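Me: I would like a close look at one part of this structure. Please take the sheet, and explain the terms as you go.

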Amino acid sequence: MTADPVARAGVGPEAPPAGAGVDTATSAVVGPADEPAAVLAGAAGPPTGPAEADASALLDRARQVAASVTDPELPALTLADLGVLRDVTVQDGHVHVTITPTWLGCPALPEISGDLHRRLREAGFAGVTVHVALTPAWTSDAITAEGRRKLADAGIAPPRPARRGPVPLGWPGRRDRVACPRCGSADTTVLAPFGATLCRALYRCRACGEPFEYVKDI
Amino acid sequence: MTDREWTTGDAWTTDSDPRATDDAWVSDGPASARWAYGTGFRDPFVDIDLAAAPATDPEQLAARCLMLGDDALVYSHRLQQWITRLPELEEEMAVANIALDLLGQARLLLTRAGHLLGTDEDRLAFFRAEHEFRNVRLVERADADFAELVGRLLVFSTWRLELLRRLTESTDPGLAAIAERGATELAYHREYAAGWVVRLGDGTELSHQRMQAGLAAFWPYVDELFRPDPVLADLSPDRADPVALRSDVDAVLDSVLATATLQRPSVAPAAGVGGRTGRDGVHTEDLGYILAEMQSVARAHPEGVW
């Protein structure tokens, strides 16, 4: 299994001790950090001042933190990259995050929820509720361009456009070719249509001989 | 307080109470924690406006969610029993993935039924008796070999895919959401099964023989999939009636069987009891053994947590 690139690119699947390593993770991913991360981190609770600017900053902060949480099974990607983060709102200092499952049985969902709770609490939000939305259904098309680039960098082939409408019967190996994320060759073959997680299949490149994972189109 | 601990919290929506102490984000505390599944969410339908659901009879809707949920739950369990016994690691992963997909579908369907019946997925899965299960009998059999496994999976996934595809237009938004998500998953299951049926059917003389025998073993239970069910039809007018699925399902099966050089078995449908079958709570002997295994921990430690 080609785990190395994933492990290096990600924040790491193990939850760090409270307060340790979290700032790195946040600032590494969040782009427009126009306020210092320390403003709220470590605060006893979110400010409850009535000023709109405060509320807006608070919301921005919550969104940045939630968007920067990484997926436990594809740690190279943030929830925003993966397209599973649907909504973040703050009401009276309480953060409501809405996420959507990728595959219905995905066991990573509770892990993601736990990470959201932990990271938002570390950022100073005392109250957090994670909601799960089923509609509209997630599709692999929701993975952002940035997410696709990160997947390729981690040695994982990003998904092709998902099929819509009637579902034609296909056979493994007869599906459209997936380009090798290492050498770019289209001469690849399916090793296992079901991979290490629900969302991945295992391929092998005939040109460079390397196995690689593919995020399934769905 | 460990990061893990919240997973023993209540299901589907996880809350943290701003008034409480550090570990408050463990939702409701151990009193309401569940030993089953270990997920951290309470309500997957939080964004779906169920109040806007049309006037479908709630009891009938619940009954149909139970049927579809029980199909997935029992079959998932049967597939799980294959784990560590499959011929290759790749097949282990495939069957485990498929079983997990079906378990995910089952959980949501039982949760939806639970909404309507004033109960929850755990009570429905672990504290119902045999005659209260509404699954088709096809999913109850233990596979004798790998050929039977992939043959039955082909029929089940083809049938369920067509059913769910139609239920995406269900008048119940909860059921429609599950159907839309589930149908795309089933396309992968069908593809996997079809690939193996062709490989074995059009393989060696022995593999062909065993694939053909595998089909014959479960085929008496195929007819039951297409029994009239007016209420399923009501949920998605004129489209999801099982009777109407038959031509589309047969078209796919015929295409696979022809490619695999296999014959559709000509066997008599398994009889019911006074015309009643799985959907009516009349099951084969196999279901009792499945439930005994599946429910034993829950029943030995009711309301236990871990």
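Reply: Here is a look at the sheet, followed by its domain setting.

This is a predicted model, where local features need pLDDT of at least 70, side-chain atom pairs count only at pLDDT 80 or more, and totals for chains, interfaces and linings use all residues. Residues are numbered from 1 along each chain as its sequence is written, and chains are lettered from A and ligands numbered from 1 in the order in which they are written.

Start with the layout. In chain A, four strands make an open sheet. Their order is S4-S7-S6-S5, and the pairing is mixed. Strands here are DSSP runs (E, at least two residues), numbered from the N terminus. Two strands pair if DSSP finds at least two bridges between them. Strands of a sheet pair through backbone hydrogen bonds, either parallel or antiparallel.

Now the edges. Strand S4 (156–157) and strand S5 (188–192) of chain A are the edge strands. Each pairs on one side only.

Next, one pair within the sheet. Strand S6 (residues 200–205) and strand S7 (residues 211–215) of chain A are antiparallel, joined over five bridges. Ala201(A) sits opposite Tyr214(A) in S7(A).

Finally, the domains. Chain A is assigned domain 1 (4–132) and domain 2 (155–215). These bounds come from an automatic or database domain assignment. Six residues of domain 1 of chain A touch four residues of domain 2 of chain A. Contact means C-beta atoms, placed from the backbone, within 7 Å. On the domain 1 side of chain A, the residues touching domain 2 are three nonpolar, two polar and one charged. Ala, Val, Leu, Ile, Met, Phe, Trp, Tyr, Cys and Pro count as nonpolar, Asp, Glu, Lys and Arg as charged, and the others, Gly among them, as polar.

Terms used: Contact = placed C-beta atoms within 7 Å.
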